[in-house]
Amino acid sequence: MITLDAGSLISSLSTGDYTITRTAIGTYGAPAGTGGVAIPGATSIIAINAAIYQASGRDLERLPEARRSISTIKIFTTTLLYTGAQAGQGGAQGSLQADTISYNGVTHELQTVGTWPGADGFYECLAQAVG
């Protein structure tokens, strides 16, 4: 059986070190003086090593049709990234917004995160330009 060393593979194909911004879901102003205004969630910065490439046409087919014309990148990394989830969905993602990554001066938001069968700790992600 062939075993895949995901860390070595990512390292050999790496296009660099990148910064992920992870933001908790915000709340609405219950504290006195906020008047029901949204309060942003806490933000944390995570450094990752990744291989980033332009997404292919086949990759775009995994996204909803209305999103296929947005600039999309494909990320290979050994760091688990989050797409976020609706509040109350449970798990770690239930309390987070989608991770964002800055690539070539453009902020991209994670849309999909998948693992490869038999390759624990190896993630393939799609992210799209925002803003």
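**Exercise 1. Contacts along the chain**

Task: Find what share of the contacts with a separation of 6 or more comes from residues 24 or more positions apart.

Solution. In this predicted model, residues 24 or more positions apart supply 58% of the contacts in the protein with a separation of 6 or more. Two pairs illustrate such separations. Tyr 18 and Tyr 103 are 85 residues apart. Thr 19 and Tyr 103 lie 84 residues apart along the chain, with their C-alpha atoms separated by 8.9 Å.

**Exercise 2. Elements and surface**

Task: List the elements from the N terminus on, then state how much of the protein is buried and how much area it exposes.

Solution. Start with the count: two helices and eight strands. Next, the order: α-β-β-β-β-α-β-β-β-β. Now turn to burial. Of the 131 residues, 34% are buried. The exposed area is about 7700 Å². Carbon and sulfur atoms supply 54% of that area.

**Exercise 3. Closing the barrel**

Task: Trace the order in which six strands close into a barrel, and work through the pairings S1 with S4, S6 with S7 and S7 with S8.

Solution.

Step 1. Follow the strands round: S1-S4-S5-S8-S7-S6. The pairing is antiparallel. From one strand to the next, the twist averages 45°.

Step 2. Take S1 and S4. S1 covers residues 16–23 and S4 covers residues 43–54. Eight bridges join these antiparallel strands. Thr 23 faces Thr 43 of S4 across the pairing, standing opposite.

Step 3. Take S6 and S7. S6 spans residues 100–103, S7 residues 106–116. They pair antiparallel over four bridges. Ser 102 stands opposite Thr 107 in S7. Two residues separate the strands in a hairpin. In its turn, Asn 104 has a positive phi of about 55°.

Step 4. Take S7 and S8. S8 holds residues 119–129 and is joined to S7 by eight bridges, again in the antiparallel sense. Trp 116 stands opposite Ala 119 in S8. This hairpin too has two residues between its strands. Here Gly 118 in the turn has a positive phi of about 75°.

**Exercise 4. Aromatic pairs**

Task: Count the aromatic pairs, then describe the geometry of the Tyr 18 and Tyr 103 pair and the burial of Tyr 18 and Tyr 103.

Solution.

Step 1. The structure has three aromatic pairs.

Step 2. Tyr 18 and Tyr 103 form one of them, 6.0 Å centre to centre with 55° between the planes. The pair counts as tilted. Tyr 18 belongs to strand S1 and Tyr 103 to strand S6, so the pair links distant parts of the chain.

Step 3. Check burial. Tyr 18 has a relative accessible area of 11%, Tyr 103 one of 15%. Both are buried, because the cut-off is under 20%.

Step 4. List what else Tyr 103 meets. Beyond its neighbours within four places in sequence, its contacts include Ile 52, Gln 54, Ile 73 and His 108.

Step 5. Look at the other rings. Tyr 53, Phe 76 and Phe 122 are linked by ring pairs into a cluster.

**Exercise 5. Two buried polar residues**

Task: Place His 108 and Asp 99, decide whether His 108 is buried or exposed, do likewise for Asp 99, and identify a polar partner for His 108 and for Asp 99.

Solution.

Step 1. His 108 sits in strand S7. Its relative accessibility is 2%, so His 108 counts as buried.

Step 2. The His 108 side chain reaches the backbone oxygen of Val 106 at 3.1 Å. Setting aside residues up to four places away in sequence, His 108 touches several others, among them Ser 71, Asp 99, Thr 100, Tyr 103 and Gln 128.

Step 3. Asp 99 lies in the loop between strand S5 (72–77) and S6. At 0% relative accessibility, Asp 99 is buried.

Step 4. The Asp 99 side chain makes a polar contact with the side chain of Arg 22 at 2.8 Å. Apart from residues up to four places away in sequence, Asp 99 also touches others, including Ile 20, Thr 21, Leu 81, Tyr 82 and His 108.

Step 5. Join the two. His 108 and Asp 99 touch each other. His 108 also touches Tyr 103, which pairs with Tyr 18.

Terms used: Residues numbered from 1 in each chain as written. Predicted model: local features only at pLDDT ≥ 70, side-chain atom pairs only at ≥ 80, totals over all residues. Heavy atoms only, no water. Pairing = 2+ DSSP bridges. Axes fitted to C-alpha atoms, helices over the stretch in contact; angles between N-to-C directions. Phe/Tyr/Trp six-rings, centres within 6.5 Å; stacked < 30°, edge-to-face > 60°. Buried < 20%, exposed > 50% of the residue type's maximum accessible area, 1.4 Å probe, protein only. Polar contact = N/O pair within 3.5 Å; in protein donor to acceptor, adjacent residues only side chain to side chain. Contact = heavy atoms within 4.5 Å. Areas by Shrake-Rupley, 256 points an atom, 1.4 Å probe, with all protein chains shown as cover.
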